[in-house]
Amino acid sequence: MFKNLKSKLIVLDGPDGCGKSSQRDLLAQFLTEHKVKFSCFRDPGSTVTGEKIRDILLHSDNHISDRAELLLYMASRAQLWDECIAPAIKKKHCVLLDRWVSSTCAYQGFAGGVGIQKVIDIAEHSLERVWPDLTIILDVDLKTAKQRMNRSLDRMEQKAAAYHRKVRAGFLKLAEMRRDIVLVDATKDIQTVHKQVIQTISSFFKIKSK
Ligand code: TMP
């Protein structure tokens with residue numbers, strides 16, 4: 001039933017505090033139960049080099065210029081493609097990604113002021129593939145997101161509320177720009193959001209339920 005997901009790239013993305021990690025875990029569990037062979041990676045990270053870049057990006061002591069920030073995210077992603085994603089696709093796995101270029105568009109492009117189109121241009125020059133088959137944006141307002149982030153915050157999370165408001169607006173803009181970027185209301189409880197994620201995947205890839 002879910003064999004249409006072979007070699008497909010599916011991204012879960014959204015503002016900090018959108019519940020992405022919980023949804024990623026539930027989706028991974030769902031794919032396992034439905035016998036879909038899949039690989040799951042986080043961006044930035046999942047390779048030795050990528051995890052080092054992630055530490056640089058997220059450590060709150062580091063001062064990083066806007067352009068350097070953008071290029072570091074892109075560098076980690078280029079490594080992730082070569083080391084992990086390309087081999088997984090070769091094995092015909094469904095690839096589940098925790099963030100991708102959509103994040104750079106929303107954070108560095110829209111909130112950071114570089115511009116979404118410029119991010120896309122840089123991605124086209126830097127990456128094997130810019131757009132996944134499907135990107136699901138877990139949309140959440142700032143107030144709900146903040147309530148969920150009851151822990152010490154990293155360098156990106158510590159940015160001002162105005163920045164994070166723009167991040168959300170950037171994701172909403174992306175969803176208007178492309179039909180392969182779909183919004184899911186992530187203010188609801190975990191199981192309701194999970195059902196909507198599965199529904200979105202099923203209808204996008206035309207998977208019929210039994
Ligand atoms: P994570 O904690 O969801 O893995 O994401 C790490 C942080 O990096 C999060 O605050 C979002 C931010 N980020 C960007 O600013 N640009 C990007 O391109 C990516 C992938 C993440």
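Okay, let's start with a pair of side chains: Arg129 and Asp133 meet in a salt bridge, at 3.2 Å from N to O. Before I go on, please keep in mind that this is a predicted model. So, are these two partners buried, exposed or something in between? Arg129 has 25% relative accessibility, which means that Arg129 counts as partly exposed. Asp133 is partly exposed too, with a relative accessible area of 23%.

If you're new to this, here's the background: side chains of opposite charge can pair when their charged atoms come close.

How many salt bridges does the structure hold? The count is 14. Let me walk you through a few of them.

Take Glu69 and Lys159. They form a salt bridge in which the closest N and O atoms are 3.3 Å apart. This pair links distant parts of the chain, because Glu69 is in helix α3 while Lys159 is in the loop between α6 (142–148) and α7, 90 residues apart. What about cover? Glu69 counts as buried, at 2% relative accessibility. Its partner Lys159 has a relative accessible area of 22%, and that makes Lys159 partly exposed.

Next up are Asp185 and Lys188, whose side chains meet in a salt bridge at 3.0 Å, N to O. Asp185 comes out at 32% relative accessibility, so partly exposed. Lys188 is at 40%, and counts as partly exposed as well. Then there's a group: Lys20, Arg24, Asp25 and Asp98 are joined into one network by salt bridges that share partners.

Staying with charge for a second, let's look at the surface. Which residues form a positive surface patch? They are Lys3, Lys6, Lys37 and Lys92. You'll find Lys3 in the segment before β1, and at 65% relative accessibility Lys3 counts as exposed, because the cut-off for exposed is over 50%.

Now let's go inside. Helix α4 covers residues 101–111, and 10 of its 11 residues are buried, so the helix is mostly covered. The buried ones include Val101, Cys105, Tyr107 and Ala111. Gly109 and Gln108 are among them too. And what covers these buried residues? The cover includes two strands, β1 (9–13) and β4 (134–139). It also includes the helices α3 (66–90), α5 (116–126) and α7 (161–177). Remember α3? That's the helix that holds Glu69 from our salt bridge with Lys159.

Both sides of α4 have something to show you in the backbone. Following the helix is Gly113, with a positive phi near 90 degrees. On the other side, in the loop between β3 (94–98) and α4, sits Arg99. Phi of Arg99 is near 80 degrees, and that's a positive value in a residue other than glycine. Arg99 is buried, with a relative accessible area of 12%.

Where else does a residue other than glycine have a positive phi? Lys206 is one, with phi near 55 degrees. Lys206 lies in the segment after α8 (190–204). Is Lys206 buried or exposed? At 66% relative accessibility, Lys206 counts as exposed.

One more backbone feature while we're here. Asp43 and Pro44 are joined by a cis peptide bond, with omega at about 5 degrees. If you want to find Pro44 on the screen, go to the loop between β2 (38–42) and α2 (48–58).

Last part: two residues and their neighbours. Leu138 is in strand β4, and its relative accessible area is 0%, so Leu138 is buried. What does Leu138 touch, leaving aside residues up to four places away in sequence? The contacts include Asp13, Gly14, Pro15 and Cys18, plus Val184, Val193 and Val197. Lys20 is one of the contacts as well, and Lys20 also belongs to the salt-bridge network I mentioned. As for Met74, its C-alpha atom is separated from that of Leu138 by 22 Å, with the two residues 64 apart along the chain.

Then there's His194, which sits in helix α8. At 10% relative accessibility, His194 counts as buried. His194 touches Gln23, Leu26, Leu27 and Phe30, again not counting residues up to four places away in sequence. Gln23 is also among the residues that Leu138 touches.

Note on methods:
Residues numbered from 1 in each chain as written. Predicted model: local features only at pLDDT ≥ 70, side-chain atom pairs only at ≥ 80, totals over all residues. Heavy atoms only, no water. Buried < 20%, exposed > 50% of the residue type's maximum accessible area, 1.4 Å probe, protein only. Helix = DSSP H or I, 4+ residues; strand = E, 2+ residues; numbered from the N terminus. Contact = heavy atoms within 4.5 Å. Patch = residues over 30% accessible without salt bridge, like charges linked within 9 Å, V, L, I, M, F, W, Y side chains within 5 Å. Areas by Shrake-Rupley, 256 points an atom, 1.4 Å probe, with all protein chains shown as cover. Salt bridge = Lys/Arg side-chain N within 4 Å of Asp/Glu carboxyl O. Lys, Arg positive; Asp, Glu negative; His and termini not counted. Charge placed at Lys NZ, Arg CZ, Asp CG, Glu CD.
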